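Please take the sequence and the model below and follow them through the ligand sites, the annotated domains and the backbone geometry.

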Amino acid sequence: MNIALIGYGKMGKAIERIARQRGHHIAAIIGRENKAQLSTLSPENTHVAIEFTGPESAFDNIRQCLQQQVPVVSGSTGWLRHLPEVKQLIEKHQTPFFYAPNFSIGVNLFFLINRLTARLMSSQPQYEVSMEEVHHIHKKDAPSGTAIRLAEDILAHYPQKQGWALATEAQAIHLPIEAKRIDEVPGIHIVRYRSTDDLIELKHEAFSRHGFAYGAVLAAEFLARQNSGFFGMEQLLEEQLGISFSSF
Ligand SMILES: NC(=O)C1=CN([C@@H]2O[C@H](COP(=O)(O)OP(=O)(O)OC[C@H]3O[C@@H](n4cnc5c(N)ncnc54)[C@H](OP(=O)(O)O)[C@@H]3O)[C@@H](O)[C@H]2O)C=CC1
Ligand SMILES: O=C(O)C1=N[C@H](C(=O)O)C[C@H](O)C1
């Protein structure tokens, strides 16, 4: 399959290695310096574009790919306010799009554990729920896209909370998320339920970027088989692991 990489930083390079190992052809590498090359992508020369740039540039890249009917997998975080517009572009240009705030299979299983735990713990008011995420010092957004997804899944069971907030700004009505930036940490997410008597912690720790990059290549292979629509890890893992996510 012909893959165009949009963004050739830490993730773009990790994805390139795995895509080549899996026999794919890297048809284009588009960085900030040659971003005009985006206009040359078409369904004839690119089966899937994989976009990992960042919060400020992701939406423009996704829009251009969809307008040119190039299927796109995006892992960039911090752009989700544009999601309604992306869904309109998918419809208008009949082109498939895949988004995940985290492509690691382990994290997506962690999402299910988190949902089950939140459902159980929400009827135990003696426990206060809180979250922590730790990433490398280069990360531009806080909290992480993964932390926001975890928080939204928890909040679905806590109607008394009025959303999440960074721990530095949180009030009692919020689910607090502490965002730490330390050295080169690839990614740690922790959900805590604390009472005066005890503490329950759920933790996922990535040891490298390999799991994210591997998942993104699997997503590109999955997307190349779709016609149009909005896809995520739930559809991919339902197909590959046979897990029915809607039952969690
Ligand atoms: N979904 C997931 O599983 C994961 C998501 N991420 C997310 O992916 C994004 C990228 O992460 P990461 O690779 O670590 O970041 P990097 O900063 O290492 O890489 C991003 C690259 O994109 C380039 N870039 C910026 N703007 C453009 C543009 N308009 N066109 C083309 N290239 C551009 C940057 O260039 P320059 O250096 O010049 O700015 C840089 O080389 C982040 O949003 C991060 O949160 C990260 C890991 C996993
Ligand atoms: O920027 C990163 O590095 C990561 N970003 C994603 C996020 O914001 O959740 C996924 C992963 O945690 C690494």
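In this predicted model, an N or O atom in the side chain of His136 is 2.7 Å from an oxygen atom of ligand 2, where a polar contact is a pair of N or O atoms within 3.5 Å, and where, within protein, one must be able to donate a hydrogen and the other to accept it, with residues adjacent in sequence counting only if both atoms are side-chain atoms. Because the model is predicted, local features need pLDDT of at least 70 and side-chain atom pairs count only at pLDDT 80 or more, while totals for chains, interfaces and linings use all residues. Residues are numbered from 1 along each chain as its sequence is written, chains are lettered from A and ligands numbered from 1 in the order in which they are written, and side-chain values use heavy atoms, with hydrogens and water left out.

Two other side chains make similar approaches to ligand 2: a polar side-chain atom of His135 lies 2.6 Å from an oxygen atom of the ligand, and a polar side-chain atom of Lys139 lies 2.7 Å from an oxygen atom of ligand 2. The protein covers 85% of the 330 Å² of accessible area that ligand 2 has on its own, with areas taken from the Shrake-Rupley method with a 1.4 Å probe and, for residues, only the protein chains shown counting as cover. Around ligand 2 there are 13 residues, of which His135, His136, Lys139, Gly145 and Thr146 come nearest, a residue being near if one of its heavy atoms lies within 4 Å. By class, this shell has three nonpolar, eight polar and two charged residues; here Ala, Val, Leu, Ile, Met, Phe, Trp, Tyr, Cys and Pro count as nonpolar, Asp, Glu, Lys and Arg as charged, and the others, Gly among them, as polar.

UniProt, in an unreviewed entry, places the feature "domain: Dihydrodipicolinate reductase C-terminal" at residues 106-237, with positions given in the numbering used here, feature names shortened, and annotations that may be inferred rather than shown by experiment. The end C-alpha atoms of residues 106-237 lie 11 Å apart, and the span is 35% helix and 27% strand, helices (H or I, at least four residues) and strands (E, at least two) being DSSP runs numbered from the N terminus. Pro143 is found in the loop between strand S6 (128-135) and helix H5 (145-155), and a cis peptide bond, with omega about -5 degrees, joins Ala142 and Pro143.

What does the record place at residues 1-103? The unreviewed UniProt entry gives "domain: Dihydrodipicolinate reductase N-terminal" there, and this span, 32% helix and 21% strand, has its end C-alpha atoms 20 Å apart. Gln69, in the loop between helix H2 (58-67) and strand S4 (72-74), has a positive phi of about 60 degrees although it is not a glycine.

Ligand 1 has 23 residues around it, and Lys10, Met11, Arg32, Thr77 and Phe103 come nearest. Backbone atoms supply several contacts: an N or O atom of the Met11 backbone lies 2.8 Å from an oxygen atom of ligand 1, a backbone N or O atom of Pro101 lies 3.0 Å from a nitrogen atom of ligand 1, and a polar backbone atom of Phe103 is 2.9 Å from an oxygen atom of ligand 1. Of the 920 Å² of accessible area that ligand 1 has on its own, the protein covers 81%.
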